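Reader: I would like a close look at one helix in this model. Please start with its burial, then work outward to whatever surrounds it.

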Amino acid sequence: MEPWLAAHLPVLDLALDAVRAVQRAAARAGRRAGAGDPALPDPDPLDPALLDPARVAAGFASDRVLTVDGQPVQGFAPLSGFFATADGWVRTHANYPHHRSRLTALVGLPDDVGRPAFAERLAELSAQDLEDRADDAGAIVARARTEQEWRGSAPGRAAASGPLVRTQAREPATGTGDRPAGSRRDAPRPGLDAAPPGAAPLAGVRVLDLTRVIAGPVATRTLALLGADVLRVDPPEPAEIGWQHLDTGQGKRSAVLDLRDTRDRRMAQDLLDAADVLVTGYRPGAIEAFGLRVPAGAVTGRVSAWGDAGPWADRRGFDSIVQAASGIALLEGRDGAPGALPAQALDHASGYLLAAGVVDALTLRGDDGPGRDVAVSLARTAAWLLDLPGRDPVHPAAATPSGSGSVTHAGVTTARPVLPGYDDYPHPAHPWGTDAPGWQPFPG
């Protein structure tokens with residue numbers, strides 16, 4: 001076998017297991033709905049032979065598969081990456097303009113500083129001090145730790161606790177709030193058996209997607225693949241990074257609403273009232289802080305960097321940052337310098353786990369009525385990876401799949417779906433922010 005996703009840690013095993021979770025959930029949903037979907041093979045939907053490791057590897061390394069008019073994309077901005085400090089290493093994340101501005105202000109440099117001058121400045125500073133002060137400033141910096149140091153820390157112990165996918169039933173409506181119980185927002189929601197015979201497992205399911213970057217968009221893209229109507233809604237500023245939307249926006253529509261604006265916030269609430277699923281990447285309480293109320297019967301899915309418990313529960317983070325803090329970066333490095341996994345594997349695996357949890361929550365809603373809250377975190381997925389057997393310290397270089405693992409539309413080459421039976425997504429990514437903020441008619 002080619003060295004797909006080869007690394008010190010068993011990344012391919014992580015990827016295959018995460019995709020199998022979606023396979024299992026889709027099979028359960030399909031049986032419930034009576035769906036005649038090609039992704040639900042007979043007789044054994046869990047047959048490992050049905051998963052193509054090359055296709056899965058291409059999906060997890062989709063940013064390396066992605067090309068626009070034949071040209072690869074630059075995955076990280078100049079001030080994102082590893083930097084040596086006076087006493088160790090840090091990893092920064094500055095892909096979005098506001099994160100870059102906070103980072104340069106943190107170290108007392110102008111916003112237009114180049115990478116060499118930025119590196120010189122960080123070489124004079126303490127890694128731990130940078131991490132601590134970054135959290136207060138809203139910048140994103142993680143000190144590169146050893147695996148043992150992370151496991152013994154309070155945030156590390158919190159990140160490793162609990163299930164990979166946390167699911168909790170929501171309380172039924174009580175009639176409180178600004179609309180009475182029995183209104184559409186609190187009415188019982190149909191189960192998956194309401195889908196027309198022979199339809200995709202999630203036909204008729206409406207998903208409001210308030211996520212960015214990779215993990216959340218991967219989850220909602222998977223729900224769209226399974227037949228859901230997925231509407232992604234973003235604020236107008238900052239705009240999404242163009243290549244990221246091309247990479248993970250397939251099968252969805254994309255609209256822009258400013259939740260600070262009264263009219264747009266009312267439109268968002270109307271969308272939420274009619275949605276079956278809300279998927280967010282916001283920190284706890286952020287949706288409620290905008291004045292939005294999630295219907296009692298809806299399923300919510302949330303992805304976070306560090307989980308809902310522990311001292312880092314409210315801290316910002318990305319896949320690369322979690323790799324650095326959790327010890328993965330030093331395991332994947334050489335000669336004392338940190339390195340990285342061959343893909344944003346924590347993001348992708350968390351996305352598929354979240355999609356599986358949401359599909360199962362929808363299936364269960366058909367049995368007992370209430371919605372459920374489903375949550376995953378990148379740090380919990382990292383703990384799963386660190387606990388898997390099969391480490392290979394002398395692994396070959398990772399191979400990036402091509403050919404059958406990709407598809408091209410209008411000059412944009414992207415990875416194909418990882419689920420067997422699907423050759424492509426329902427449609428390529430719509431141009432960011434160009435769709436109307438409304439739902440499509442129900443099928444049938």
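Author: Helix α15 is largely enclosed by the rest of the structure, because 19 of its 24 residues are buried. The model is a predicted one. From first C-alpha to last, α15 reaches 34 Å. The span expected at 1.5 Å a residue is 34 Å, and the helix is close to it. Just after α15 comes Gly-369, with a positive phi of about 100°.

What does α15 pack on? First, the sheet itself. It is an open sheet of 7 strands with mixed pairing. The order is β6-β12-β11-β10-β7-β8-β9. Two strands stand at the edges, β6 (166–169) and β9 (253–256). Each has a single partner strand, so one side of each is left without a neighbour in the sheet. Neighbouring strands are turned by 20° against each other on average, direction ignored.

Now the β6 edge. β6 and β12 (residues 372–377) run antiparallel, joined by 4 bridges. In that pair, Ala-169 of one strand stands opposite Arg-372 in β12.

Two helices pack on this sheet. The first to take is α11, which touches β7, β8 and β10. The direction of α11 makes about 140° with that of β7. Then α15: this helix touches β10, β11 (299–304) and β12. Its direction makes about 165° with that of β12. β10 is thus named in both lists, touched by α11 and by α15.

Stay with α11 for a moment. It covers residues 262–274, 13 in number. The reach from first C-alpha to last is 19 Å, close to the expected 18 Å. Its buried residues are Asp-264, Ala-268, Gln-269, Leu-271, Leu-272, Asp-273 and Ala-274. They pack against β7 (206–210), β8 (229–234) and β10 (277–280). At the start of α11, Asp-261 plays a part: one of its side-chain oxygens comes to within 3.1 Å of the backbone nitrogen of Arg-263.

Next, the nonpolar cores. In soluble globular proteins, nonpolar side chains tend to be buried together. The largest nonpolar core here has 87 residues. Those with the most contacts inside it are Leu-5, Phe-60, Leu-223 and Trp-306. Take Trp-306. Neighbours within four places in sequence aside, its contacts include Trp-150, Ala-159, Trp-312, Ile-321, Val-322 and Ala-325. Arginines also touch Trp-306, namely Arg-315 and Arg-316. Ser-377 and Ala-379 are in contact with Trp-306 as well. A second, separate core has 18 residues. Among them are Leu-210, Ala-255, Ala-274 and Leu-292. Ala-274 is also one of the buried residues of α11.

There is another sheet to set beside this. It is open, has 3 strands and pairs antiparallel, in the order β3-β4-β5. β3 (81–85) and β5 (141–143) are the edge strands, each pairing on one side only. The twist averages 30° from one strand to the next. β4 and β5 are antiparallel and joined by 3 bridges. Thr-92 stands opposite Val-141 in β5.

Helices pack on this sheet too. α5 (residues 115–122) touches β3 and β4, and its direction makes about 40° with that of β3. α13 (residues 319–326) touches β3, β4 and β5. Its direction makes about 20° with that of β5.

On the other side of β4 sits β3. The two pair in the antiparallel sense over 5 bridges. A hairpin of 2 residues joins β3 to β4. The bridge partner of Thr-85 in β4 is Gly-88. β3 is an edge strand, yet it is largely enclosed by the rest of the structure, because 4 of its 5 residues are buried.

One last site follows β4. Asn-95 is found in the loop between β4 (88–92) and α4 (97–106). Is Asn-95 buried or exposed? Its relative accessibility is 14%, so it counts as buried. The Asn-95 side chain has polar partners. One is the side chain of Ser-80, at 2.8 Å. Another is the backbone oxygen of Gly-75, which lies 3.2 Å from a polar atom of the Asn-95 side chain. Leaving aside neighbours within four places in sequence, Asn-95 is also in contact with Phe-76, Ala-77 and Ile-241, among others.

Methods:
Residues are numbered from 1 along each chain as its sequence is written. This is a predicted model: local features need pLDDT of at least 70, side-chain atom pairs count only at pLDDT 80 or more; totals for chains, interfaces and linings use all residues. Side-chain values use heavy atoms; hydrogens and water are left out. The expected span of a helix is 1.5 Å times one less than its number of residues. Buried means under 20% relative accessible area, exposed over 50%, partly exposed in between (1.4 Å probe, protein chains only). Contact means heavy atoms within 4.5 Å. A polar contact is a pair of N or O atoms within 3.5 Å; within protein, one must be able to donate a hydrogen and the other to accept it, and residues adjacent in sequence count only if both atoms are side-chain atoms. Two strands pair if DSSP finds at least two bridges between them. Axes are lines fitted to C-alpha atoms, for helices over the stretch in contact, and angles run from 0 to 180 degrees between N-to-C directions. A nonpolar core is a set of buried Ala, Val, Leu, Ile, Met, Phe, Trp, Tyr and Cys residues joined through side-chain atoms within 4.5 Å.
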